[in-house]
Amino acid sequence: MSFNEHFFRRAIELAESARGRTGTNPFVGAVLVKNGIIVGEGQTQQCGGNHAEIEALLAAGTDAEGADLYVTLEPCCHHGKTPPCTRAIIEAGIRRVFAGIEDPNPNVQGYGFKQLKEANIEVKTGFQQEGITRQLEGYLTNQTKKRPFIVMKNAVSLDGKIATNSGASKWISSPESRMIVHKLRQNTGTVLTGIDTVLCDDPLLNIRFGDADKLDHSAYLRVILDRRLRIPLESKIVATSQDIPTILFKSHSYKDTSKEKQLLRGKIEILSVPENKQGYLSLLSVVEELYNRGITNVLLEAGCKLNSSFLRDQLIDKVYYFMAPKFLGGQKTVIDNIGITNPSEALKMRIDKIENIGPDILIIGYPEYHIK
């Protein structure tokens with residue numbers, strides 16, 4: 001048999017079912033096919049567990065010999081927390097491998113395919129490249145840019161406002177839109193905002209949909225940029241910090257140890273980073289610290305100043321823009337100055353999807369930055 005699109009689509013479905021549950025590992029799907037029948041399939045397990053190929057091989061057992069492997073990402077060929085998948089594929093007697101894209105991880109990056117070919121396994125690649133690249137966009141950003149994949153979410157009125165002039169912002173978007181935001185929080189695992197949002201809205205930044213009481217909130221992370229530790233001790237963030245992991249980033253120059261000790265008693269972690277030339281926290285230092293801690297995806301839910309800073313530093317990878325059919329007026333906008341003086345210099349967004357969410361419109365896209 002030659003390549004069969006149906007089996008590859010199944011591998012993509014399996015990969016998607018593991019989204020948000022594989023830690024720093026890419027979520028991958030694998031299907032083993034013999035004589036036109038699926039004999040084993042699997043998806044990446046939690047970090048430290050089996051990769052998709054191993055799960056499929058275990059499911060197939062002895063039927064794996066002579067089978068074809070459909071897999072979304074190049075099989076790993078190095079010792080990490082688990083042995084190399086290429087060795088298991090070779091030892092199982094797999095006949096052919098149909099793969100989606102090459103793994104940009106320097107420990108793999110074509111060597112997985114090379115090992116399989118050297119073992120006389122037929123390898124064909126490049127299937128569903130665009131779809132898999134989008135599916136694994138977070139992991140690919142981690143590997144190529146050495147930082148988390150950052151999604152900016154905004155809920156705005158029809159005239160582009162995020163709050164009334166008094167600062168009230170609950171609720172601009174519909175319950176249907178807010179449900180999607182909670183799913184975004186779950187999938188990214190880390191929510192980041194600034195102290196101004198905390199002072200204005202006193203948010204929880206937790207996950208609230210379905211049977212939320214059964215969710216393991218300790219698996220999620222809240223990150224607050226708070227240069228001078230202005231967060232109120234009575235805020236919801238502080239009150240729930242023993243149940244939901246929380247990191248506050250402060251400035252190296254801030255030395256009020258009394259406030260810091262009070263926050264530390266609530267199990268809040270406090271990290272110090274340098275300031276930039278404008279006197280704000282260095283976002284490059286923040287995202288570097290998060291990446292070094294194994295944070296692969298971040299959802300930015302912030303106000304105008306922080307949104308603008310992330311865009312100026314070209315750190316936003318994807319945008320979820322919820323637009324409600326209402327007018328608020330006033331001056332509270334999504335972003336302010338991002339260094340554009342002429343419309344011809346505008347930061348454009350490549351639109352990926354536009355859809356109706358209840359009464360709202362959701363625009364999903366990717367910023368197209370000018371090369372510095």
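Six residues, F3, F7, F8, Y70, F98 and F127, form one aromatic cluster. The model is predicted. A search of the whole structure finds 8 aromatic pairs. Two of them share F127, and this report follows both.

**F8 with F127**

The ring centres of F8 and F127 are 5.9 Å apart. Their planes meet at 50 degrees, so the pair is tilted. This pair links distant parts of the chain. F8 belongs to helix α1, residues 5-17. F127 sits in the loop between β5 (122-124) and α5 (129-135). The two residues are 119 residues apart.

Is F8 buried or exposed? F8 is buried, with a relative accessible area of 0%. F127 has a relative accessible area of 17%. Buried means under 20%, so F127 counts as buried too.

**F98 with F127**

F127 also pairs with F98. Here the arrangement is edge-to-face. F98 lies in strand β4, residues 96-101. F127 is in the loop between β5 and α5, so the pair ties together parts that are 29 residues apart in sequence. Both F98 and F127 are buried.

The table sets out the two pairs.

| Pair | Centre to centre | Angle between planes | Arrangement |
|---|---|---|---|
| F8 and F127 | 5.9 Å | 50 degrees | tilted |
| F98 and F127 | 5.9 Å | 75 degrees | edge-to-face |

**A charge over a ring**

Another contact involves R178 and W171. Where does the charged end of R178 sit? The charged end of R178 is over the ring of W171, 4.3 Å from the ring's centre.

Note on methods:
Residues are numbered from 1 along each chain as its sequence is written. This is a predicted model: local features need pLDDT of at least 70, side-chain atom pairs count only at pLDDT 80 or more; totals for chains, interfaces and linings use all residues. Side-chain values use heavy atoms; hydrogens and water are left out. Rings of Phe, Tyr and Trp (its six-membered ring) pair if their centres lie within 6.5 Å; planes under 30 degrees apart count as stacked, over 60 as edge-to-face and the rest as tilted. Helices (H or I, at least four residues) and strands (E, at least two) are DSSP runs, numbered from the N terminus. Buried means under 20% relative accessible area, exposed over 50%, partly exposed in between (1.4 Å probe, protein chains only). A charge sits over a ring if NZ of Lys or CZ of Arg is within 6 Å of the ring centre and within 35 degrees of the ring normal.
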